[in-house]
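Visitor: Could you take me through one part of this model up close? I'd like to hear how the strands there sit together, and then what the cysteines are up to.

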There are 2 protein chains.
Amino acid sequence: MIHRKHSTVESMPQKAGRGVSMQMLLSLQDAPNFAMRCFTIDAGGFMPHHTNTVEHEQYVLSGSARVKSGDQTFEAHAGDILFIPAGEAHSYETIGDEAYVFLCLIPKGEDCIEMVGC
Amino acid sequence: MIHRKHSTVESMPQKAGRGVSMQMLLSLQDAPNFAMRCFTIDAGGFMPHHTNTVEHEQYVLSGSARVKSGDQTFEAHAGDILFIPAGEAHSYETIGDEAYVFLCLIPKGEDCIEMVGC
């Protein structure tokens, strides 16, 4: 079994967008079927419109963001649950002066990320 | 895509243990590969020693518990990450006067639950 503290997991800055970092909480070396990551988007930051070849299951831990996914735009807040199907273009833009922090779980399998023109 | 609020998801009391309830945040009807559940164990409650045929990926949202898994016993707190392999016996007992609330994700596939003699 594995027991680790969120705060001890290395934070890796991400190239796409602004103010985005990722922590690998449970990797596919730790677990056989799906990976648990945590993304932080600093206040004033964003993740641009993109698609993934795998679906996302997300749980918002803190902060707020304007999320676009498919043809929907909405505000997401701490305690919200999001499911983004494989192949659906989506983006995030923080709201307010707090970082937007969310768990994002993906199944095993190659994840090809493609940016979508704005 | 799916966007829902944690607080709006029905809470289902569980038979095993004491003070245990479960919310199905993302079911295998919502998502193809793994399900996101949230378990709440009320203060003073417990979940008895048991095994599952599927692994667990867990994120503790609030509260504290004494967790036994395999040959380890430890305290888990908000912000902790746990991976419990398929087939490993485990149990939870709350600590203090706060409910222990944790996300618990499982892959698709039949989950046979077996109680383990204390």
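Guide: Let's start at one pair of residues: Ser69(B) stands opposite Gln72(B) in β7(B). Keep in mind that this is a predicted model. That pair belongs to a bigger arrangement, in which β6 of chain B, residues 64–69, runs antiparallel to β7 of chain B, residues 72–77, with 6 bridges between them. The hairpin they form has 2 residues between the strands, and Gly70(B) there takes a positive phi near 60°. β6(B) has another partner too: it pairs with β9 of chain B, residues 90–95, again in the antiparallel sense and over 6 bridges. On that side, Ser64(B) has Ile95(B) in β9(B) as its bridge partner. As a general point, side chains in a regular strand alternate between the two faces of the sheet.

Now for the cysteines. The disulfide count over all chains is 0, going by a sulfur–sulfur cut-off of 2.5 Å. Take Cys112(A): its sulfur is 16 Å from the closest cysteine sulfur, in Cys104(A), so the gap is too far for a bond. Cys112(A) is also partly exposed, because its relative accessibility is 40%. Over in chain B, Cys38(B) is in no disulfide either, and the nearest cysteine sulfur, that of Cys104(B), is 9.6 Å away. Cys38(B) has a relative accessibility of 1%, so it counts as buried.

Notes. Residues numbered from 1 in each chain as written. Chains lettered and ligands numbered in written order. Predicted model: local features only at pLDDT ≥ 70, side-chain atom pairs only at ≥ 80, totals over all residues. Heavy atoms only, no water. Pairing = 2+ DSSP bridges. Helix = DSSP H or I, 4+ residues; strand = E, 2+ residues; numbered from the N terminus. Buried < 20%, exposed > 50% of the residue type's maximum accessible area, 1.4 Å probe, protein only.
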